[in-house]
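I opened the model to look up its cavity, its sheet and its core. My notes follow in the order in which I checked things.

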Amino acid sequence: MSHDPVLTDPGLYTVIFENERVRVLRYRDRPGDRTSPHRHPDSVMVTLAAFTRRLTAGGRQVELALEAGQARWLSAQEHAGENIGDTETHSIFVELKEPAAPAAATAAPLGPDSP
């Protein structure tokens with residue numbers, strides 16, 4: 001099974017641009033919507049609307065509330081998500097296709113990094 005979010009959740013993720021270096025996805029959902037487990041490469045996430053979500057991976061959960069107009073780094077990760085707020089989620093993901101440099105061993109990331 002593919003872990004590409006465009007294939008796991010085609011009603012929520014849409015490819016809006018792609019070339020040999022990046023892929024840009026639009027993500028939109030409504031309160032209560034959930035995603036299937038999927039994988040993101042290293043990405044920049046830009047929030048176009050304020051939203052509250054719960055991300056789950058490997059028995060871990062994180063809840064996050066983000067305001068509109070934020071840009072956040074999203075380290076490569078696999079997760080499932082749920083809109084637990086009362087607003088629609090609308091964001092853009094700029095996925096990098098180039099591999100990251102090897103990093104020191106740390107816990108797997110879950111959710112975007114703090115600004």
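Entry 1, cavity. I looked up the largest cavity first and found about 150 Å³ of space in it. A cavity here is a set of points on a 1 Å grid over the protein atoms alone where a 1.4 Å probe fits but cannot get out, and lining residues have an atom within 4 Å of a point. Grid points are joined across faces, edges and corners, and the volume is the space filled by probe spheres set on the points. The lining has 17 residues, and those closest to the cavity centre are Met45, Arg53, Leu55, His79 and Phe93.

Entry 2, provenance. I noted that this is a predicted model, in which local features need pLDDT of at least 70 and side-chain atom pairs count only at pLDDT 80 or more, while totals for chains, interfaces and linings use all residues. Residues are numbered from 1 along each chain as its sequence is written, and side-chain values use heavy atoms, with hydrogens and water left out.

Entry 3, lining. I sorted the lining of the largest cavity by class and got nine nonpolar, seven polar and one charged residues. Ala, Val, Leu, Ile, Met, Phe, Trp, Tyr, Cys and Pro count as nonpolar, Asp, Glu, Lys and Arg as charged, and the others, Gly among them, as polar. Strands S3 (38-40), S5 (51-57), S8 (77-83) and S9 (89-96) each supply at least two residues of this lining. Strands are DSSP runs of E, at least two residues long, numbered from the N terminus.

Entry 4, sheet. I traced an open sheet of five antiparallel strands in the order S1-S2-S9-S4-S7. Two strands pair if DSSP finds at least two bridges between them. S1 (13-18) and S7 (71-74) are the edges, each with a single partner strand, so one side of each has no neighbour in the sheet. S1 and S2 (22-29) run antiparallel and are joined by five bridges. In this pair I found Glu18 opposite Arg23 of S2.

Entry 5, core. Which residues touch the most other members of the largest nonpolar core? I read off Tyr13, Leu25, Tyr27, Leu64, Leu66 and Phe93, out of 14 residues. Such a core is a set of buried (under 20% relative accessible area) Ala, Val, Leu, Ile, Met, Phe, Trp, Tyr and Cys residues joined through side-chain atoms within 4.5 Å. S2, S5 and S6 (60-66) each supply at least two residues of the core, and S5 gives the largest share, three residues.

Key:
1 Å grid on protein atoms, 1.4 Å probe; cavity = no way out; pocket = protein on both sides within 12 Å on 5 of 7 lines; lining within 4 Å. Buried < 20%, exposed > 50% of the residue type's maximum accessible area, 1.4 Å probe, protein only.
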